[in-house]
Amino acid sequence: MALFEARGLHKRFGDQVVLEEINLAFEAGSLSGIMGPNGAGKTTCFNVLTGRYRPDRGSVRFDGDDITGWAPHRIVRRGISRSFQIMNLFDEYSALDNVVVALPSVRSRSFDVLHAIDADSEAQDRAETILDRVGLRGRERVNVRSLSYGERRALEIGVALATDPRLLFVDEPTAGLGTGATARLAELIQELKRHTTIVMIEHDMRFLFGLADRISVIHWGQVIAEGTPDELRENPWVRRSNLGGLA
Amino acid sequence: MGQPILRVDGLRKSYRRGLLRPVETFRLEADFTVEEPAVVGVMGPNGSGKTTLFELITGSNTPSAGQVLCQGRNVHEVRYDERDRLAIHYHQSYQVRHFRRTRPAFLMQRAGSDYPIVHLFDEPQFNTQDGYIGFMLDFFRKLRGEGRLVFLCLHPNERFHLEILQEICERFVFVRNGRLTHADSFDELVGHEPVREYLGALLR
């Protein structure tokens, strides 16, 4: 059975259908890609999958539980984390602090956590390990404001990893990145994939086809195609496109 | 088999101008039946009535006369909030409908369907570079295979648009000045002089 499964998701905003019969299944240990043109409904789909919006119809199951309509924080506690297309970082604080405040052990304390952080060596160690994992070793004390765009992306993923998720959703990680930073990010995701099940929305097809085990193509609020990168590449129109030239 | 998947029966839409002595400025007339699931190509110049035809089929526009029956159900008698369970109109990437609500829902019929039966794609963005054409065509085939009716409206301005229509469509409708010409094959379609004129250099 798939670790995560969405069946018959339907979502309407007023007169507009944004999701129509979305069916998706993500296997444990895999990296699943979601791609689609602008306005196809990818982000709405993510928001429904991660609990931000409740679907009008359909169900979402994670590891045996029906989590449809659960509040986002409850879903996070259950083992699903999400990194955002628009970054949610505290610019005035260091990379390390950003990860520390996202740790469940720290979060469960008072709201004035930042003053107590320095004293908590266990939390610091844990955050350092995460930063190391996302390739930010040596950058722990740097203010987020001074990090490069690529480093901030990596940090955003680090923050999402702080809850030690079993399933990580990543929304357009390459948005705004140059070639070099995109290549480093690909390495980072390749590495994360060894321990975490990942679902990634991505615009950059080269990036996605290089990393994903399976890809779902979303358009008109529906899954219009689905398969391994090789299967999708077999389509004659895909072979004729720029995508066809990808190794 | 039971009811045809789509019956467009004596459909007419007139647009008039002037209050005291109204003058008809545009008239669309359509009368045809599609018995079985199919992919139907729709072509025609801008302003010829393609989108009006789609709006009348989805029930977002009210006909002056005639009716649209989707598997036997009169679309214009179905509750506004369920009409897109019969026929859905895709404007490029997203779907917009503005129903003029004139009757309360309890006086109207249910759609009796969860997933739309007729899918009308209004000039989808086709781009040979990004590979999505292949996925979209596969999706049209899938819908047809699952017993749905697909309309693909295109205003061909590049040769590959004709390739797409030839590959995916099994019948065609050419709309010009509010009149429909039907064809059962691409060859029959381009046998019509007005179609040849419309497509012009793309056919050479």
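Good morning. I begin with chain A, where an open sheet of four strands has the order 2-1-4-5 and its pairing is antiparallel. Please bear in mind throughout that this is a predicted model. At the edges of that sheet stand strand 2, residues 16-26, and strand 5, residues 65-66, of chain A, and each of them pairs on one side only.

Let us look inside this sheet. Strand 1 of chain A, residues 4-13, and strand 2 of chain A pair in the antiparallel sense, with seven bridges. To locate the register on your screen, find A:Arg12, which stands opposite A:Val17 in strand 2 of chain A. Strand 2 of chain A also takes part in a side-chain link: A:Glu21 and A:Arg57 meet in a salt bridge, 3.6 Å from N to O. This pair joins distant parts of the chain, since A:Glu21 lies in strand 2 of chain A and A:Arg57 in strand 4 of chain A, 36 residues apart. In general terms, side chains of opposite charge can pair when their charged atoms come close. Over all chains, the count of salt bridges comes to 31.

I turn to the second sheet of chain A. This is an open sheet of six strands in the order 6-7-8-3-9-10, and its pairing is mixed. Why do strand 6 and strand 10 of chain A each have one side without a neighbour in the sheet? Strand 6, residues 80-83, and strand 10, residues 222-227, stand at the edges and have a single partner strand each, so one side of each remains without a neighbour. From one strand to the next, the twist averages 20°. Within this sheet, strand 3 of chain A, residues 31-35, and strand 9 of chain A, residues 214-219, run parallel and are joined by four bridges. Here A:Met35 has A:Val217 in strand 9 of chain A as its bridge partner.

Which helix lies across strands of the six-stranded order just described? Helix 1 of chain A lies across strand 3, strand 6, strand 7 (167-171), strand 8 (197-201) and strand 9 of chain A, and runs at about 155° to strand 7 of chain A. Helix 1 of chain A, residues 42-49, also lies across strand 1, strand 2 and strand 4 (57-62) of chain A, at about 60° to strand 2 of chain A.Now to chain B. Strand 1 of chain B, residues 6-17, runs antiparallel to strand 4 of chain B, residues 65-70, and five bridges join the two. B:Asp9 finds its bridge partner in B:Gln67 of strand 4 of chain B. Strand 4 of chain B is also joined by two bridges to strand 5 of chain B, residues 73-74, again in the antiparallel sense. In that pairing B:Cys70 stands opposite B:Arg73. Strands 4 and 5 of chain B form a hairpin with two residues between them, and in the turn B:Gln71 has a positive phi of about 45°.

Finally, the interface. How many residues does each chain bring to the contact? Chain B gives 36 residues and chain A gives 29 residues. The area buried between the two chains is about 2,700 Å², and carbon and sulfur atoms give 52% of it. Three salt bridges cross this interface, and B:Arg85 and A:Glu20 meet through their side chains in a salt bridge of 2.7 Å, N to O. There are also eleven residue pairs in polar contact across the interface.

On the side of chain B that touches chain A, the elements that give two or more residues are strand 6 (87-91), helix 2 (132-145) and helix 3 (159-168) of chain B. Helix 2 of chain B gives the most, with nine residues. The residues of this side of chain B divide into 18 nonpolar, eight polar and ten charged. Thank you for your attention.

Conventions
Residues are numbered from 1 along each chain as its sequence is written. Chains are lettered from A and ligands numbered from 1 in the order in which they are written. This is a predicted model: local features need pLDDT of at least 70, side-chain atom pairs count only at pLDDT 80 or more; totals for chains, interfaces and linings use all residues. Side-chain values use heavy atoms; hydrogens and water are left out. Contact means heavy atoms within 4.5 Å. Buried area is the accessible area (1.4 Å probe) that two parts lose on being put together, summed over both. A salt bridge is a side-chain nitrogen of Lys or Arg within 4 Å of a carboxyl oxygen of Asp or Glu. A polar contact is a pair of N or O atoms within 3.5 Å; within protein, one must be able to donate a hydrogen and the other to accept it, and residues adjacent in sequence count only if both atoms are side-chain atoms. Ala, Val, Leu, Ile, Met, Phe, Trp, Tyr, Cys and Pro count as nonpolar, Asp, Glu, Lys and Arg as charged, and the others, Gly among them, as polar. Two strands pair if DSSP finds at least two bridges between them. Axes are lines fitted to C-alpha atoms, for helices over the stretch in contact, and angles run from 0 to 180 degrees between N-to-C directions.
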